[in-house]
Amino acid sequence: MGKLWGGRFSKTTDEMINEFQASIQFDKRMYQEDIAGSIAHATMLAKCGIIPESDTKAIIDGLQGILADIEAGNFSFDVALEDIHMNIEKRLTDRIGEAGGRLHTARSRNDQVALDTHMYVRKETANIAKLVLDMEKALVEVAEKYSDAIMPGYTHLQRAQPILFAHHMLAYFSMLNRDFSRLKGVYERADIMPLGAGALAGTTFPIDRQLVAEQLNFGAVYNNSLDAVSDRDYILEFLSFASIMMMHLSRISEEIILWCSREFSFIELDDAHCTGSSMMPQKKNPDVSELVRGKTGRVIGHLMAMLTTAKGLPLAYNKDLQEDKEGLFDTIDTVKFSLSVYSAMIRAMRVNQELMLKAVREDFSNATDLADYLVKKGLPFRQAHEVSGKSVHYCIEQKKWLMDLTLEEFKQFSPLFEEDILEEIKPETCVANRNSFGGTSYQQVELQIKTAKEIMKNQ
Ligand code: ARG
């Protein structure tokens, strides 16, 4: 296959080198962007009097034909043509002749690949935003469905204080909500148009970059050509967004895996979202959560790889930058898949309210409430903490829970205890009393749900 850049060479490229340096295997997924970008570029070239109008017409017809061929599966990509840009340009020239050879006027593959990747990231960012929003919705739905379920809240994975399960779900809503706003930032930085930078320094032709930006719906144009062709910040920001978001999904995965273990039994996942074992007939494994937790490492790896690739590069374009795509594409696919399966799984999981409550009852996670009770009767908190600790110690020795103690037993530790103490340390009261803004009380959680719905309306 004759190269589009073959002029100064006297030998053909080694077969192995062709294969090694090609990106067509993975950048072919940007064919729509490449064609749309070329149509906008050709339109601009004619409007600015750089190529004849009739050539632009032929170019657009030819490119539309190629688009149809690719979508119908009638286009064979050639590794010897390196990448999506040259595969399409070569085919165009084969189809329409000389006019095709005018398309690359005032353009380099360096600004072309930047344009395609910006458009691709912009498109996928919008798709992923919908999936993040759906995951946010799923979390709020589950919070509402189990609005009165009480569970132990943990610190150090030790039972700490009773909380509402809904409160726990809404914590993840808050994380996903921040992910959403990070994604908006990615979109803004992807929405800058690099074409017209040429190989690195601009072009000698009287081009109109604004006109290209308008046709492709870009909000802004890069104002430094060196930056335009070498900037990969928007990819790094996408990978950062993805790493943080996957880290959030990985944390909820860890909890789900624990919660559906026999030891916790707080939730049960739908059969449709679990798998069995080829040897142990009784098994029902939370593979989705495990895989999402596992894939988080892979996404973080892509971020590290891209940072490492970019950190030593002199301006402007270097072929190293071709390495930006596989990690980016894999991250896009992984994030989309993970979000989709997760939303479905969260919506279908069943919460075992009785067992969660039992875990709260048969524990000392109301010990803070016992101390707070005494503080409200006038005892300084440090002393109240001591009294509550001693009561817990007594219970452990007596093999009892705080709820089992009689008023007389309580009074051994402080004369401030009165009849109402038993009511005060019930799980429901412990939850209801944590009514500070952002706390776990029924009222605060209801407010959080309301706020979440308002936030989602504007997303
Ligand atoms: N396939 C290349 C990439 O992905 C396109 C740009 C190549 N430019 C060049 N001068 N070799 O980065």
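These legends go with close-up views of a predicted model.

**View 1. The three domains of the chain, from one end to the other.** The domain assignment cuts the protein into domain 1 (6-105), domain 2 (110-146 + 164-352) and domain 3 (359-450). Note that domain 2 is written as two stretches, 110-146 and 164-352. Between the C-alpha centres of domain 1 and domain 2 there are 30 Å.

**View 2. Two spans that UniProt annotates.** An unreviewed UniProt entry lists residues 7-301 as "domain: Fumarate lyase N-terminal". In the model that span is 62% helix and 6% strand, and its end C-alpha atoms sit 40 Å apart. The record, again an unreviewed entry, also puts "domain: Argininosuccinate lyase C-terminal" at residues 364-432. Here the make-up is 62% helix and 0% strand, with 17 Å between the end C-alpha atoms.

**View 3. The shell of residues around the ligand.** Have a look at who lines up here: Ser-23, Asp-27, Asp-83, Arg-109, Asn-110, Val-113, Lys-319, Leu-321 and Gln-322. Sorted by class, the shell comes out as 4 charged, 3 polar and 2 nonpolar residues. Helix H7 (residues 109-145) is the biggest giver, with 3 residues. Domain 1 (6-105) and domain 2 (110-146 + 164-352) both chip in to the shell, so the ligand lies between them.

**View 4. Where domain 1 meets domain 2.** On this contact, 18 residues of domain 1 touch 20 residues of domain 2. On the domain 1 side, helix H2 (24-27) and helix H3 (31-47) each bring at least two residues. H3 has the largest share of that side, with 9 residues. If you're wondering about the chemistry, the domain 1 side is a mix of 7 nonpolar, 6 polar and 5 charged residues.

**View 5. Inside the largest nonpolar core.** This core takes in 113 residues. The ones with the most contacts inside the core are Leu-139, Met-151, Met-169, Met-193 and Phe-238. H7 turns up again, giving the most to the core with 14 residues. As a rule, nonpolar side chains in soluble globular proteins tend to be buried together.

**View 6. Zooming in on Phe-238.** Phe-238 is one of the core residues with the most contacts inside the core. Leave out residues up to four places away in sequence, and Phe-238 touches Val-121, Thr-125, Val-186 and Leu-328.

Definitions and conventions:
Residues are numbered from 1 along each chain as its sequence is written. This is a predicted model: local features need pLDDT of at least 70, side-chain atom pairs count only at pLDDT 80 or more; totals for chains, interfaces and linings use all residues. UniProt positions are given in the numbering used here, feature names are shortened, and annotations may be inferred rather than shown by experiment. Helices (H or I, at least four residues) and strands (E, at least two) are DSSP runs, numbered from the N terminus. A residue is near a molecule or strand if its C-beta atom, placed from the backbone, lies within 6 Å of it. Ala, Val, Leu, Ile, Met, Phe, Trp, Tyr, Cys and Pro count as nonpolar, Asp, Glu, Lys and Arg as charged, and the others, Gly among them, as polar. Domain bounds come from an automatic or database domain assignment. Two residues are in contact if their C-beta atoms, placed from the backbone, lie within 7 Å. A nonpolar core is a set of buried Ala, Val, Leu, Ile, Met, Phe, Trp, Tyr and Cys residues joined through C-beta atoms within 7 Å. A residue is buried if 20 or more other C-beta atoms lie within 10 Å of its own, exposed if 12 or fewer, and partly exposed in between; C-beta atoms are placed from the backbone.
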